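User: I am new to this structure and would like a close look at one part of it. Please take a single buried residue, describe its surroundings, and then go on to the loops.

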Amino acid sequence: MGMEAVNNTVVQSYPAGTGNFYPSYRRLLDSGELERRVEESKKHLSPCTVCPRNCRTNRLENQKGICLAGKDVRVSSYNLHHGEEPPLSGTRGSGTIFFAGCSLRCRFCQNYPISQLNNGQDYTIEGLAGMMLELQDMHAHNINLVTPTHVVPHIIEAVSVAAKKGLCIPLVYNTGGYDSLSMLKLLDGIVDIYLPDIKYASDKHAFRYSTVRNYVSVNRMALLEMHRQVGLLELDENGIARRGLIIRHLILPHDSAGTCESMKFIADRLSPDTCISLMSQYFPANAAYRFEELSRRITPDEHAAAIECLEKNGLENGWIQE
Ligand code: SF4
């Protein structure tokens, strides 16, 4: 992604456990709490309240809501990914699992064949757990769950199965940031690294471009909860992420993403030490061409203005995509 590291905290000591890292979900497995979370999360599938859309479909009977997910978990692909932020990809790659379907319907989504056309293959819980273990065997630094919001119950159950069979690398929850508080609370102690977007600072823009009415308040509550659970980014002695929060922000043309307002929220309400990944890769994909203001890439001036927003708010940790 052509990113540049600015500043990072290095944490060098970890509790005794698997190697020098003992993921929090293994503690929940040991105490029996993970099993309770599996049962609790499944209750949200019927009627479906897994994400803030609250479609209330009966997913256990395979009724599908806005995200297009039914009772099974659909995966588009899984592999070692070397293009994530440096502490996630490291030297061996991030073990990404791309889930099909999505509760957001972003008009400019660059992965729309996966997120909106639902391209992928259905897996059983054991199949998903096997995928996690296979990625670990391939020496992935972490399991990177891409677009996980609508399949949280499946993920929790698969982690429970995989942890019993030896899964012991950090879990990354890589989300568009439209996550309900109740599901995030069920993920407390399961997810080690949160990687959410802050997409918009205006509900008007969120509705126009992603068809959700309450993105800003939901997203901000989610970010506060993620920060409460895992805190600032912690790296090991090799610069690999072990725990914490990285927030992604995609700069949109004409400041449609509300960059300065979002950065101010992070600095004021979370911490100016929060790790930010500022992304400039926007191009008009999917149905973006229908919106004149989104029908081009960002300009050098817009890129510079977004960087100024970081500086103005004292946000010095993270990466800026060139
Ligand atoms: S997870 Fe899917 S079906 Fe459930 S509430 Fe969200 S969009 Fe609707």
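Analyst: Ser94 is buried, because its relative accessible area of 0% is under the 20% limit. The model is a predicted one. Ser94 belongs to strand β2, which covers residues 94-99. Leaving out residues up to four places away in sequence, Ser94 touches Asn79, Leu80, His81, Glu84, Leu88, Ser89, Ala140, Asn142 and Asn144. Between the C-alpha atoms of Ser94 and Trp319 the distance is 17 Å, and the two are 225 residues apart in sequence.

The loops come next. His44 sits in the loop between α2 (33-42) and β1 (73-81). With a relative accessible area of 16%, His44 is buried. Apart from neighbours within four places in sequence, the contacts of His44 are Thr49, Val50, Ser182, Met183 and Leu186. Pro47 also has its place in the loop between α2 and β1. The peptide bond that joins Ser46 and Pro47 is cis, with omega about -5°. Most peptide bonds are trans.

Ser180 is in another loop, the one between β5 (171-175) and α7 (181-187). Ser180 counts as buried at 12% relative accessibility. Its contacts, neighbours within four places in sequence left aside, are Thr49, Val50, Cys51 and Pro52. Thr49 and Val50 are thus in contact with His44 and with Ser180.

Two further loop residues have a positive phi without being glycine. For Asn118, phi is near 65°. Asn118 is found between α4 (112-115) and β3 (121-123), in the loop there, and counts as buried at 11% relative accessibility. For His254, phi is near 60°. The loop that holds His254 runs between β8 (241-250) and α10 (259-270). His254 counts as partly exposed, because its 48% relative accessibility falls between the limits of 20% and 50%. Most residues other than glycine have a negative phi.

On the surface, Asp273, Glu308, Glu311 and Glu316 form a negative patch. One of these, Glu308, lies in helix α11, residues 300-312. Glu308 counts as exposed, because its relative accessibility of 52% is over 50%. To return to the starting point, Ser94 in strand β2 is buried at 0%.

Technical notes:
Residues are numbered from 1 along each chain as its sequence is written. This is a predicted model: local features need pLDDT of at least 70, side-chain atom pairs count only at pLDDT 80 or more; totals for chains, interfaces and linings use all residues. Side-chain values use heavy atoms; hydrogens and water are left out. Patches are made of residues with over 30% relative accessible area and no salt bridge: like charges are joined within 9 Å, nonpolar side chains (Val, Leu, Ile, Met, Phe, Trp, Tyr) within 5 Å. Accessible areas come from the Shrake-Rupley method with a 1.4 Å probe; for residues, only the protein chains shown count as cover. A salt bridge is a side-chain nitrogen of Lys or Arg within 4 Å of a carboxyl oxygen of Asp or Glu. Lys and Arg count as positive and Asp and Glu as negative; His and the chain ends are not counted. The place of a charge is taken as NZ of Lys, CZ of Arg, CG of Asp or CD of Glu. Helices (H or I, at least four residues) and strands (E, at least two) are DSSP runs, numbered from the N terminus. Buried means under 20% relative accessible area, exposed over 50%, partly exposed in between (1.4 Å probe, protein chains only). Contact means heavy atoms within 4.5 Å.
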